[in-house]
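Welcome to this guided tour. Open your viewer, get ready to select residues, and follow along one stop at a time.

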Amino acid sequence: QVQLVESGGGLVQAGGSLRLSCAASGISFSSNSMAWYRQAPGKQRELVAGITSGGSTNYLDSVRGRFTISRDNAKNTVYLQMNSLKPEDTAVYYCYVPYNNYWGQGTQVTVSS
């Protein structure tokens with residue numbers, strides 16, 4: 001059974017930082033690309049960052065230079081380090097496995113101005 005468990009969300013002031021974690025089980029983690037999506041109220045879900053099994057990364061233009069996606073294959077965990085947070089980053093953030101179309105339950109990130 002596949003499980004993706006996100007953690008690390010919360011309330012932070014603008015300019016602050018948060019680190020999201022997604023612990024995966026039930027998949028061959030090291031061989032899978034992983035991604036973080038987000039969905040703000042009234043908006044479509046959007047890709048924030050992705051990382052391949054080989055470590056190549058891609059980012060949404062609006063977060064490039066502020067967010068960093070990384071992975072620890074020994075811990076079956078993918079991270080999203082978010083710095084210089086802005087109110088427009090407020091959303092529910094989801095961990096995603098593209099190959100299998102698996103989604104985590106989401107974690108709320110709220111950035112106050």
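Before the first stop, here is a term you will need: two strands are said to pair if DSSP finds at least two bridges between them. Keep in mind, too, that you are looking at a predicted model.

**Stop 1: a sheet of four strands**

Select β1, β3, β8 and β7, and colour each one separately. Together they form an open sheet of 4 strands, in the order β1-β3-β8-β7, and the pairing is antiparallel. Which strands sit at the edges? They are β1, covering residues 3–7, and β7, covering 67–72, and each of these pairs on one side only. Turn the view slowly to look for the twist, which averages 15° from one strand to the next.

Now zoom in on β1 and β3. Strand β3 covers residues 18–25, and 5 bridges join it to β1, with the two strands running antiparallel. Select L4 and look across: A24 in β3 stands opposite. Then select Q3, whose bridge partner in β3 is S25.

Move over to the other side of β3. Here β3 and β8 pair in the antiparallel sense, over 6 bridges. To see one pair of facing residues, select S21 and find Y79 opposite in β8. While you have strands on screen, show the side chains: in a regular strand, they alternate between the two faces of the sheet.

**Stop 2: the disulfide**

Next, select C22 and C95 and show them as sticks. A disulfide joins C22 to C95, with an S to S distance of 2.1 Å. C22 lies in strand β3 and C95 in strand β9, so the pair ties together parts that are 73 residues apart in sequence. How many disulfides does the model have? The count comes to 1. Is this disulfide left-handed or right-handed? The torsion about the S-S bond of C22 and C95 is about -80°, so the disulfide is left-handed. If you switch on the surface, remember that both C22 and C95 are buried.

**Stop 3: the nonpolar core**

Hide the surface and select M34, W36, V78, L80, M82 and Y93. These residues have the most contacts inside the largest nonpolar core, which has 28 residues. Which strands supply at least two residues each to this core? They are β3, β4, β5 (46–51), β7, β8, β9 and β11 (107–112). As background, nonpolar side chains in soluble globular proteins tend to be buried together.

**Stop 4: N32, in a loop**

Select N32, which is found in the loop between β3 and β4 (34–39). Is N32 buried or exposed? The cut-off for buried is under 20% relative accessible area. N32 counts as buried because its relative accessibility is 7%. Show its surroundings: leaving out residues up to four places away in sequence, N32 touches I27, S53, R71, V97, Y99 and N100. Then add S28 to your selection, as its backbone oxygen lies 2.9 Å from a polar atom of the N32 side chain.

**Stop 5: T90, in another loop**

Go to T90, in the loop between β8 (77–82) and β9 (91–97). With a relative accessible area of 22%, T90 is partly exposed. Its side chain gives you two distances to display: one reaches the backbone oxygen of P87 at 2.9 Å, and another reaches the backbone nitrogen of V111 at 2.9 Å. Setting aside neighbours within four places in sequence, T90 is in contact with A40, Q108, V109, T110 and V111. For a view across the model, draw a line between the C-alpha atoms of T90 and I27: they are separated by 29 Å, and the two residues are 63 apart along the chain.

**Stop 6: two positive phi angles**

Finish with the backbone. Select N76, in the loop between β7 and β8. What is the phi of N76? The value is positive, about 50°, although N76 is not a glycine. N76 counts as partly exposed, at 26% relative accessibility.

Then jump to N101, in the loop between β9 and β10 (102–103). N101 is also a residue other than glycine with a positive phi, near 60°. With a relative accessible area of 48%, N101 is partly exposed.

Key. Residues are numbered from 1 along each chain as its sequence is written. This is a predicted model: local features need pLDDT of at least 70, side-chain atom pairs count only at pLDDT 80 or more; totals for chains, interfaces and linings use all residues. Side-chain values use heavy atoms; hydrogens and water are left out. Axes are lines fitted to C-alpha atoms, for helices over the stretch in contact, and angles run from 0 to 180 degrees between N-to-C directions. Buried means under 20% relative accessible area, exposed over 50%, partly exposed in between (1.4 Å probe, protein chains only). Contact means heavy atoms within 4.5 Å. A polar contact is a pair of N or O atoms within 3.5 Å; within protein, one must be able to donate a hydrogen and the other to accept it, and residues adjacent in sequence count only if both atoms are side-chain atoms. A disulfide is a pair of cysteine sulfur atoms within 2.5 Å. A nonpolar core is a set of buried Ala, Val, Leu, Ile, Met, Phe, Trp, Tyr and Cys residues joined through side-chain atoms within 4.5 Å.
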